[in-house]
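Let's take a quick look at the aromatic side chains in this one, then stop by a threonine. Have the structure open while you read.

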Amino acid sequence: MRVGISRRLVPVKVGDLVRIKEGVDDPDLPTSRVGLISEITFSRVFGEGGEVEMAIVLFSSGVTLRFHKYFLEVIEEKC
């Protein structure tokens, strides 16, 4: 079994294993940058009147953080 990271913007869903892209900084972000999507939420865009899809990511450290799907790379199994 091979594992790869998808570099294209793919739809994310609850249960996906993801890696947070380089350049994203948060003091609570583990060094592995790998977590599991536990929830999909929507946040309002100020001044736009719309909403954007956000993913709540659970890390092995027990920390949960929220990210826009643009900053996520889905880890996929390669056959």
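What follows is a short tour of ring pairs, a lysine and a strand residue.

Keep in mind that this is a predicted model. Searching the whole structure turns up 2 aromatic pairs. In one of them, the ring centres of Phe-59 and Phe-67 sit 6.5 Å apart with the planes at 85 degrees, so the arrangement is edge-to-face. The other is made by Tyr-70 and Phe-71, which are also edge-to-face, with 5.2 Å from centre to centre and 85 degrees between the planes.

Here is how the four ring residues come out on accessibility:

| Residue | Relative accessible area | Class |
|---|---|---|
| Phe-59 | 3% | buried |
| Phe-67 | 6% | buried |
| Tyr-70 | 47% | partly exposed |
| Phe-71 | 33% | partly exposed |

The cut-off for buried is under 20%, so Phe-59 makes it at 3% and Phe-67 at 6%. Tyr-70, at 47%, is partly exposed because that class runs from the buried limit up to 50%. Phe-71 lands there too, with 33%.

Tyr-70 has company besides Phe-71: Lys-21 lies over the face of the Tyr-70 ring, at 4.1 Å from the ring centre.

Now for the threonine. Thr-41 belongs to strand β3, which covers residues 34–44. Is Thr-41 buried or exposed? Thr-41 has a relative accessible area of 17%, so it counts as buried. Leaving aside residues up to four places away in sequence, Thr-41 is in contact with Val-52, Glu-53, Met-54, Ile-56 and Arg-66.

How values were computed
Residues are numbered from 1 along each chain as its sequence is written. This is a predicted model: local features need pLDDT of at least 70, side-chain atom pairs count only at pLDDT 80 or more; totals for chains, interfaces and linings use all residues. Side-chain values use heavy atoms; hydrogens and water are left out. Rings of Phe, Tyr and Trp (its six-membered ring) pair if their centres lie within 6.5 Å; planes under 30 degrees apart count as stacked, over 60 as edge-to-face and the rest as tilted. Buried means under 20% relative accessible area, exposed over 50%, partly exposed in between (1.4 Å probe, protein chains only). A charge sits over a ring if NZ of Lys or CZ of Arg is within 6 Å of the ring centre and within 35 degrees of the ring normal. Helices (H or I, at least four residues) and strands (E, at least two) are DSSP runs, numbered from the N terminus. Contact means heavy atoms within 4.5 Å.
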